[in-house]
Amino acid sequence: MKPVRAILIGAGQRGAEAYAPYALRYPDQLKFVAVAEPNEERRRKFSTVHAIPEERCYESWEGLMEQPQLADAAIIATQDWLHTQPAIAAMNKGYHVLLEKPMATTLEECKQLVEVSERTQRQLHICHVLRYTQYARKMREIVQSGVLGEIIDVDHRENVSFWHMAHSYVRGNWRSSRQSSPMILAKCCHDLDILPWVLGQWPIMLSSKGELTHFRPDKAPVNTPERCVDGCPIEKECPYSAIHIYLEMLPFWYSYRETCTNSFHKAIIGTWIKNPGVVQTFSTLFPFLKQITEYKGWPLTVLAQDPTPQKIEEAIRNGPYGRCVYHCDNDVVDHQVVSMQFEKGTTVTLTMHGHSHVEHRSTRIEGTRGRLMGVLGNGGGWLTVEEHRTRKKLYLDTSPPAGEGHGGGDNQLMREFVAHIREGGYPDTAKRAAREALFSHMLAFAAEEARIERKVIPIMPAEFIR
Ligand SMILES: NC(=O)c1ccc[n+]([C@@H]2O[C@H](COP(=O)([O-])OP(=O)(O)OC[C@H]3O[C@@H](n4cnc5c(N)ncnc54)[C@H](O)[C@@H]3O)[C@@H](O)[C@H]2O)c1
């Protein structure tokens, strides 16, 4: 069978690094035939790696959309505020679309995207990668098997680590709700997507509380300069020091180790944290260790293309990621709680906060016959199920193979996207998927409205899921 042909709009972190490598791993399934990317270095790198001829490389999505349809599918991974226009243009042109979350930054635009998908009968899939993880899939299977009985209460937490919060939501691309999205949409549209799907019921009411408590100028310790490298008096003790986060990378590896279920990997990372020289020495004999000693992945790739220690130092000295976290132009919350009532009476709390010691999501589902608890972090994940009467305890390792991003969700999403495009047409499942994605976004917008206006918002699932 011929590979699915795709174009890429936005060859950044997600487009080029998370999704496109699928085409290199499975050339019989997916082939990129054109790219639109204004950053010349990124565009060139992408066209070289994917063997795209010069005449099929465009500086912006508009140029690519002026051409006749070149492929079956368009993968759109531009920044949040640049999703709607290219996605609508692509569907009108005949492409099925894989669109990064959030679909758009307003509810009206999200609705418009679904309307265009239904009018043009083009599939619109949203990158809700959490849905594609073993973690979420096993959780859904367990809940729907009935082993937990009737589900009474759910406590689901998106524990964004202190360093990820500083990276993305204080110094980085998602720091301003006006420029990108409110944090509950940017970070938790995934969680709002999986909760009804796992529970098999819809929310009917929600309220929300939260604010930006910590990363503000009035919380700055005395005499802290604009940048960590400008002689900051507390640089050696500040958890948010850019030197600590990006040059030492210790918080990243610590989070990885804490959620890693592979004892061999855990031991290596533990040694790297305590005694980097040992791992460095062994890396000459065992080159696979260079994945740690010469790590060049996220978040470093956000600071520099093909990062080296020199490029990272330069980025910290001059770029946005070296700014003091108390002197940035951020306004998104650093903690928010969404409280929901579901149609069968289940109460659900979603807590998102940016002060977690370790990067992870956690879930606790309390049923009339048992409880489920789970953890999903950047190192791996697991679920436990305990039955009330028998006290039988089941442990499930839900970690993906090493190196697979987002709990294995990125890879599985691509696998299923390719299968949907091969199937072609506009099946009811595709229509339903786009509407469920729209519903999760509506919940995030409602949560933000409830937080700001301090009100309880009734939810009407039937308006969205038809
Ligand atoms: N699914 C997930 O779990 C997940 C995780 C992180 C980010 N995201 C989302 O992915 C999207 C991309 O994030 P990212 O971190 O890859 O950002 P990025 O900035 O690294 O990539 C976006 C790319 O789009 C390019 N671009 C800008 N204008 C363009 C134009 N006119 N035409 C074509 N390309 C253009 C930029 O130059 C950049 O290379 C965002 O919406 C983000 O919220 C999703």
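**Aromatic pairs**

I began with the rings, and a search through the whole structure returned 17 aromatic pairs. I note at the outset that the model I am reading is a predicted one.

I looked up one of these pairs, Tyr240 with Tyr326, and found the ring centres 6.5 Å apart and the planes at 85°, so I entered the pair as edge-to-face. I then checked where the two partners sit: Tyr240 is in the loop between strand E8 (203–211) and helix H10 (242–248), while Tyr326 is in the loop between helix H16 (309–318) and strand E9 (335–342), so the pair ties together parts that are 86 residues apart in sequence. Are these two tyrosines buried or exposed? Tyr240 has a relative accessible area of 8% and is buried, and Tyr326, at 6%, is buried as well.

Next I turned to Phe252 and Trp253, whose rings also make an edge-to-face pair, with 5.0 Å from centre to centre and 85° between the planes. Both of these residues are buried. When I followed the ring pairs outward, I found that Phe252 and Trp253 belong to a cluster that also takes in Trp163, Tyr256, Tyr295 and Trp298.

**The sheet**

I traced an open sheet of six strands, which run in the order E3-E2-E1-E4-E5-E6 with parallel pairing. Which strands form its edges? They are strand E3 (57–58) and strand E6 (124–126), each of which pairs on one side only. Within the sheet I looked at strand E4 (residues 73–76), which is paired with E5 in the parallel sense over four bridges. As a point of register, I recorded that Ala73 stands opposite His96 of E5.

**Lys101**

From E5 I moved on to Lys101, which is placed in the loop between strand E5 (96–99) and helix H6 (107–120). I wanted to know which side chain of opposite charge is nearest to Lys101. That side chain is Glu100, at 5.6 Å, and I found no salt bridge for Lys101 although the residue is buried.

I then searched for a polar partner of the Lys101 side chain, and noted that one of its polar atoms lies 2.7 Å from the backbone oxygen of Ala186. Leaving aside residues up to four places away in sequence, I listed the residues that Lys101 touches as Asp80, His83, Ile126, Cys127, His128, Ala186, Cys189 and His190. Ala186 therefore appears in my notes twice, since I entered this residue both for its backbone oxygen and in the list of contacts.

Methods. Residues are numbered from 1 along each chain as its sequence is written. This is a predicted model: local features need pLDDT of at least 70, side-chain atom pairs count only at pLDDT 80 or more; totals for chains, interfaces and linings use all residues. Side-chain values use heavy atoms; hydrogens and water are left out. Helices (H or I, at least four residues) and strands (E, at least two) are DSSP runs, numbered from the N terminus. Buried means under 20% relative accessible area, exposed over 50%, partly exposed in between (1.4 Å probe, protein chains only). Lys and Arg count as positive and Asp and Glu as negative; His and the chain ends are not counted. A salt bridge is a side-chain nitrogen of Lys or Arg within 4 Å of a carboxyl oxygen of Asp or Glu. A polar contact is a pair of N or O atoms within 3.5 Å; within protein, one must be able to donate a hydrogen and the other to accept it, and residues adjacent in sequence count only if both atoms are side-chain atoms. Contact means heavy atoms within 4.5 Å. Rings of Phe, Tyr and Trp (its six-membered ring) pair if their centres lie within 6.5 Å; planes under 30 degrees apart count as stacked, over 60 as edge-to-face and the rest as tilted. Two strands pair if DSSP finds at least two bridges between them.
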